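Hi everyone, thanks for making time this morning. I'd like to walk you through one model, so please have a look at the sequence and the structure before I start.

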Amino acid sequence: MPKQRIPLVDTDIHERVQYEELLQYLDEPFKHYITNCHWIQEKHMPYTQPSVAGVDRADAVVPDGRPAGSDLAFMQEQLLDDIGHEFGILTGALDPSPSSMHGWYEMAAALASAYNDWQIDKWLDQDERLYGSVHVAAQDRDEAVKEIERVGDHPKMVQVLLPIDDIMWGDPYYHPIFEAAEKHDLMIGMHHNEPPVYYGKWPRYFIEWHTLIPTAHMKQVTNMIFNGVFDKFPNLGLMMIEGGFTFIPHLMWKMDQQFRDLRHEVPWLKRKPSDIMKDQVRFCTQPSEELNKKDFMSLIDQMGTDEMICFATDYPHWDYDSPHRALPNLDPELKQKIYSENARNFYPKIPKSGGEIT
């Protein structure tokens, strides 16, 4: 029996670059550092990876041996054509992750520009279904703004990507980044990289770290709201990527309570945090806990809206969510929103008309 095709707007697809592919987009001396000095970005996660393909699905490794997510034709066959995607948002593989580099801001900024040019050339211009994320070296705020000004008007760039790592992005120092994003109809996408989730350190096991990733997402949402980002930039939206969504009601209740008790400390905040979240913050579904329909609908009811969550596969990661199995069997109208319409309404550059999901 043929598989049912789902006209999906997938909010988290990881394309992967290999460092040698960036060389044609880099100037000297940065090209020299990769070619002759064999430079790669430092990483800190102390654990072994969860599968034989590292953080990726073993079957997503390209048949010629290249890493998963590195070949457009293979991704089209295995994901976009197989599922029936209408659109997919590329979020990179966070290697390199310019905003997570410690020091050497010039190299980070050069890598971000090279990555954006590679992404446009090799992916966005090659498949009409794919949309992209602007990579920046956000720790160098002014260079980040320059990069957003350089590529932000590209019709298929839909968000500025910031890593969830060790910087709290709601700090007013970074607000010019949000101003530039809003100017170009770009949203902000946040995806965790290697956040220390355990009192600033790493827990003993990967299972602990992976369980606690949502706490890092909660910190960033709280920081962005209480630092006034969304009242200052009313047309800006924030997509939280790969942290799940079951914590949303708790975060709304907790921030609303603090707002009632302590709002004198944040006089620039004009709306309840839960109302800000409903208007301007969205959450990717992946990694979705295995909920039954009753529990899933209870969560939607507690959120007070069915417009905050957007489906994501997280392809090609090891904990990929299949749109055929990840969520319970939902009513057609709600399914249409979560699999397609909520993302369409969130990203101004995504076409609005779509196929019907039954």
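Let me begin with a question: on the two faces of strand E5, which residues are buried? Keep in mind that we are looking at a predicted model. On one side of E5 the buried residues are Met 187, Gly 189 and His 191, and on the other side they are Ile 188, Met 190 and His 192, so both faces are covered. Six of the six residues of E5 are buried, and the strand is therefore largely enclosed by the rest of the structure.

Now let's place that strand in its sheet. Eight strands make an open sheet with parallel pairing, and the order runs E1-E2-E3-E4-E5-E6-E7-E8. The edges are strand E1 (9–13) and strand E8 (309–310), each of which pairs on one side only.

On one flank, E5 pairs in the parallel sense with strand E4, residues 157–164, over six bridges. If you want a pair to click on, Leu 162 has Met 190 in E5 as its bridge partner. On the other flank, E5, residues 187–192, pairs with strand E6, residues 238–241, again in the parallel sense and over four bridges. Here Ile 188 is partnered by Leu 238, and Gly 189 by Met 239.

Moving along to E6, both of its faces are covered as well: Leu 238 and Met 240 are buried on one side, Met 239 and Ile 241 on the other. E6 goes on to pair with strand E7, residues 281–284, in the parallel sense over three bridges. In that pairing, Leu 238 stands opposite Val 281.

Next, the packing. The largest nonpolar core has 103 residues, and Phe 178, Val 221, Met 277 and Phe 283 have the most contacts inside it. Helix H3, residues 105–124, supplies the largest share of this core, with 11 residues. There is also a second, separate core of 17 residues, which includes Phe 87, Val 158, Leu 161 and Ile 350. Back in the largest core, what does Met 277 touch, leaving aside its neighbours within four places in sequence? The contacts are Val 221, Ile 225, Ile 248, Leu 251, Met 252, Met 255, Arg 282, Phe 283 and Met 308.

Phe 283 turns up again around Gly 244, a residue in the loop between E6 and helix H8 (248–262). Setting aside neighbours within four places in sequence, Gly 244 is in contact with Phe 283, Cys 284, Thr 285, Gln 286 and Pro 287. Gly 244 has a relative accessible area of 3%, so we call it buried.

Two of those contacts bring me to the backbone. Most residues other than glycine have a negative phi, and most peptide bonds are trans. Against that background, Gln 286 and Pro 287 are joined by a cis peptide bond, with omega about 0°. Pro 287 sits in the loop between E7 and helix H10 (293–303). A cis bond also runs from Asp 95 to Pro 96, with omega near 10°, and Pro 96 is in the loop between strand E2 (87–90) and H3.

That loop between E2 and H3 also holds Trp 104, whose phi is positive, near 50°. Trp 104 is partly exposed, at 34% relative accessibility. His 38 has a positive phi too, near 60°, and is found in the loop between helix H1 (30–35) and helix H2 (72–83). At 62% relative accessibility, His 38 counts as exposed.

Now for the empty space. How many cavities of 30 Å³ or more does a search of the whole structure find? The search finds one, with a volume of about 50 Å³. Pro 96 is part of its lining, together with Leu 94, Ser 97, Pro 98, Ser 99, His 135, Val 136, Leu 161 and Pro 163.

The largest pocket holds about 720 Å³ of space. It is lined by 31 residues, and those closest to its centre are Met 45, Val 55, Asn 193, Trp 209 and His 317. E5 and helix H6 (206–226) are the elements that give two or more residues to that lining, and H6 gives the most, with six.

Last, the record. An unreviewed UniProt entry annotates residues 46–348 as "domain: Amidohydrolase-related". In the model, that span is 42% helix and 11% strand, with its end C-alpha atoms 39 Å apart.

Thanks for listening, and do jump in with comments!

Note on methods. Residues numbered from 1 in each chain as written. Predicted model: local features only at pLDDT ≥ 70, side-chain atom pairs only at ≥ 80, totals over all residues. Heavy atoms only, no water. UniProt positions renumbered as here; feature names shortened; annotations may be inferred. Pairing = 2+ DSSP bridges. Core = buried A, V, L, I, M, F, W, Y, C linked by side-chain atoms within 4.5 Å. Buried < 20%, exposed > 50% of the residue type's maximum accessible area, 1.4 Å probe, protein only. Contact = heavy atoms within 4.5 Å. 1 Å grid on protein atoms, 1.4 Å probe; cavity = no way out; pocket = protein on both sides within 12 Å on 5 of 7 lines; lining within 4 Å. Points joined across faces, edges and corners; volume = space filled by probe spheres on them.
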